[in-house]
Amino acid sequence: MNKQHLTEADIRTKFITPALVGANEDKWNVMTQIREEAYFTKGRVIVRGKMVLRGEAKKADYLLSYKPNLPLAVIEAKDNHHSVGAGMQQALAYAEILDVPFAYSSNGDAFLEHDRTATSGPVTREISLDQFPGPEELWSRYCAAKGFTATQASIATQDYYYDGSQKAPRYYQLVAINRTVDAIACGENRLLLVMATGTGKTYTAFQIIWRLWKSGAKKRILFLVDRNILADQTKTNDFKPFGTAMTKITNRTVDKSFEIYLSLYQAVTGTEEESNIYKQFSRDFFDLVIVDECHRGSAAEDARWRQVLEYFSSATQIGLTATPKETKDVSNTEYFGAPIYTYSLRQGISDGFLAPYKVVRLGLDKDLDGWRPEDGQTDKHGQLIEDREYNDRDFDRNLILEKRTTVVAAKVTEFLRATDRFAKTIVFCENIDHAERMRQALVNANPDLAAANPRYVMRITGDHDEGKAQLDNFIDPESTYPVIACTSQLMSTGVDAQTCRLIVLDKRIGSMTEFKQIIGRGTRINEDYDKLFFTIMDFKRATALFADPAFDGDPVQIYEPKDGESVLPPEEPADAAHDDVPPYWVDGPGPDPSGPPGPSPTKYYVDNVEVRVATERVQYLDEHGKLITESLKDYSRKTVRKAYASLDQFLTVWQDAEKKQAILTELAAQGVFFDELAEQVGRDYDAFDLVCHVAFDAPAPHAQGARRPREEA
């Protein structure tokens, strides 16, 4: 048999697979241990105008696992025109992403092995087809490299929970779970997992707990959250398999007969010593404590929530967050250590697991230029307005320009009318008062739909029982109403709004942590409801934070505390006060606020000052995750010219290509959407003429009179 005549698929079928399932005793099981053409990403969602396309998903030619969800090796195959090691760089890239210890390349003649666990001796070696190591050999080598004892290895091989459905952990969840379980098996007691909103932190936590619990490594576990809705969602959904072994701490009472405990921080702490009910447990009662959204109270040294962690200091503790906090006063990494794994928003979008966003920035004239009252001007209640210049720091806080709210509501309505009037929308406002005024303005801007159903627009804030009661309906993909939710802080975190398509920012955001949490409300993908991307309408220039390296960078310890001393100023302002999350979100009575309230600043309500939109622009994410502001036509021109330096070169490639669609698909994957482009150009051009006209200024059709390629061509 002449291997030179075989395709890569033939090489896999005739040589590589037989080598894996060969006659030796330590062989790979084709049904449970071998995945051929193993796709592990979804393909980035690319958005231009009204067009949406998925890019190419990543796949390994082979992914070999010791047990389900415990991958050990990747193999990249090439046809026999290539050398044995031609696929090694790609294999190593995939091995790094998938966090597997062994990488292989083959052309059907032999294998090239790269041992990523090796710290001495040969890292790479060439082996014959019949020498390919079996699962027991690779697992033994991996255990030796990790230094596992027999007990530690038994923890590391504990099965995942599987309910017989098609649901399987995504690759990054596997990495997070396996790294965490391995680290705990080896005795590590403080760990931090950083995973972007929408990537399944709670499901990841469940599998970690399940494997440690079933292996007997951890017998009693406390899972801490800071919102009641999070505890209820966790108990009902991801943690449901724990069944009767699980309880939620309610009414500030303790029952010590369970093994898995869910609790709000506030349900076990209080301002008075007797209200700290966590002390009803012995200090060593829990083996494992997991802290959800650990960027909140547990990051601060003087927080009551931190006292819970310190009380149970003998337990292994894991912090979960999408937004680790690092300031001079608050540090996740100082307490939990550097993240054992980070899966960022940028990576999630690149992989196609998270929804990309486009940004519509609108500048209102009074926000940009400021406003000063005329001499002696009064507000609509007859109050004399203090004479000074007001700007966007004042608007909707101590100065309310009512027509400003009307303009924002009109622009939101205009966008929804042009896209989908029933697209789930969250409008983030400065405070509860602003949220109520925005609700009224949106009702007035949508009188037909508001009349048809009074829940079309609702204020969902912590002080409003009727609005809070509709939160579950808002996040339910099958529930049409409410459509538009006006809020301040309540929906900025912990709200799994899978079908949210529009986020409106009409509040100043001074905290990167809060900004990341708010953006996370839109990043979930739900293909069943055709939700693949979302739009951000920004009236307060908050999206300038996208350009901050801290937006999607790894958390960095920015100071080294010495003897309790803080040596650097804060990296960012403290989070805004959660003015719409009152104590009754706790199960049972919460602590009374201490101290008398301070004097309220004077608020002016002005109803006769015109406000208009001064600037408006649309931005998209490019293939590198950066926001671009150029038009689709300019972007397409630049992209095509990057691939084809001249019209002649494009014509040559087009004429030589076996399939013209391959060129169009490649350009579309880079964001050149021909239907949308034709609509913008305003001509009845096909794809060939569009490229010639837009990219090379050729009068179309027929590209400067050149002979048009035949449309076999």
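Me: In what order do the strands of the open sheet of six strands lie?
Reply: In this predicted model, the sheet of six strands is open and its pairing is mixed. From one strand to the next, the twist averages 30 degrees. The order of the strands is S1-S4-S5-S6-S7-S8.

Me: Which are the edge strands of that sheet?
Reply: An edge strand here pairs on one side only. That description applies to the strand at 34–39 and to the strand at 124–128. The edge strands are S1 and S8.

Me: Which residue in S7 does Tyr104 stand opposite?
Reply: Strand S6 covers residues 102–106 and strand S7 covers residues 110–115. The two strands pair in the antiparallel sense over five bridges. Opposite Tyr104, in S7, stands Glu113.

Me: Why is one side of S11 and of S15 left without a neighbour in the sheet?
Reply: These strands belong to an open sheet of seven strands with parallel pairing, in the order S11-S12-S10-S13-S14-S9-S15. Strand S11 (246–248) and strand S15 (341–343) stand at the edges, so one side of each lacks a neighbour in the sheet. The reason is that each has a single partner strand.

Me: What is the bridge partner of Val291 in S14?
Reply: Strand S13 (residues 288–291) and strand S14 (residues 316–321) run parallel and are joined by four bridges. In S14, Val291 has as its bridge partner Gly319.

Me: At about what angle to S9 does helix H5 run?
Reply: Helix H5 is formed by residues 171–185 and lies across S9, S14 and S15. Strand S9 takes in 190–195. Relative to S9, the helix runs at about 175 degrees.

Me: Are H13 and H14 parallel or oblique to each other?
Reply: Helix H13 (residues 402–418) packs against helix H14 (residues 432–445) at an angle of about 50 degrees, with the axes 9 Å apart. An angle that is neither under 35 degrees, nor 65 to 115, nor over 145 counts as oblique. The two helices are therefore oblique.

Me: How do the residues of the contact of H13 with H14 divide into nonpolar, polar and charged?
Reply: The crossing of H13 and H14 is right-handed. Among the residues making the contact are Val408, Val412 and Arg417 of H13 and Met438 and Leu442 of H14. The division is seven nonpolar, three polar and two charged.

Me: How many residues apart are Glu527 and Arg54?
Reply: The side chains of Glu527 and Arg54 meet in a salt bridge, at 3.0 Å from N to O. Glu527 lies in the loop between helix H18 (512–519) and strand S22 (534–538), while Arg54 lies in strand S3 (residues 51–54). This pair links distant parts of the chain, and its residues are apart by 473 residues.

Technical notes:
Residues are numbered from 1 along each chain as its sequence is written. This is a predicted model: local features need pLDDT of at least 70, side-chain atom pairs count only at pLDDT 80 or more; totals for chains, interfaces and linings use all residues. Side-chain values use heavy atoms; hydrogens and water are left out. Axes are lines fitted to C-alpha atoms, for helices over the stretch in contact, and angles run from 0 to 180 degrees between N-to-C directions. A crossing is left-handed if the near helix is turned anticlockwise from the far one by less than a right angle, and right-handed if clockwise. Contact means heavy atoms within 4.5 Å. Ala, Val, Leu, Ile, Met, Phe, Trp, Tyr, Cys and Pro count as nonpolar, Asp, Glu, Lys and Arg as charged, and the others, Gly among them, as polar. Two strands pair if DSSP finds at least two bridges between them. A salt bridge is a side-chain nitrogen of Lys or Arg within 4 Å of a carboxyl oxygen of Asp or Glu.
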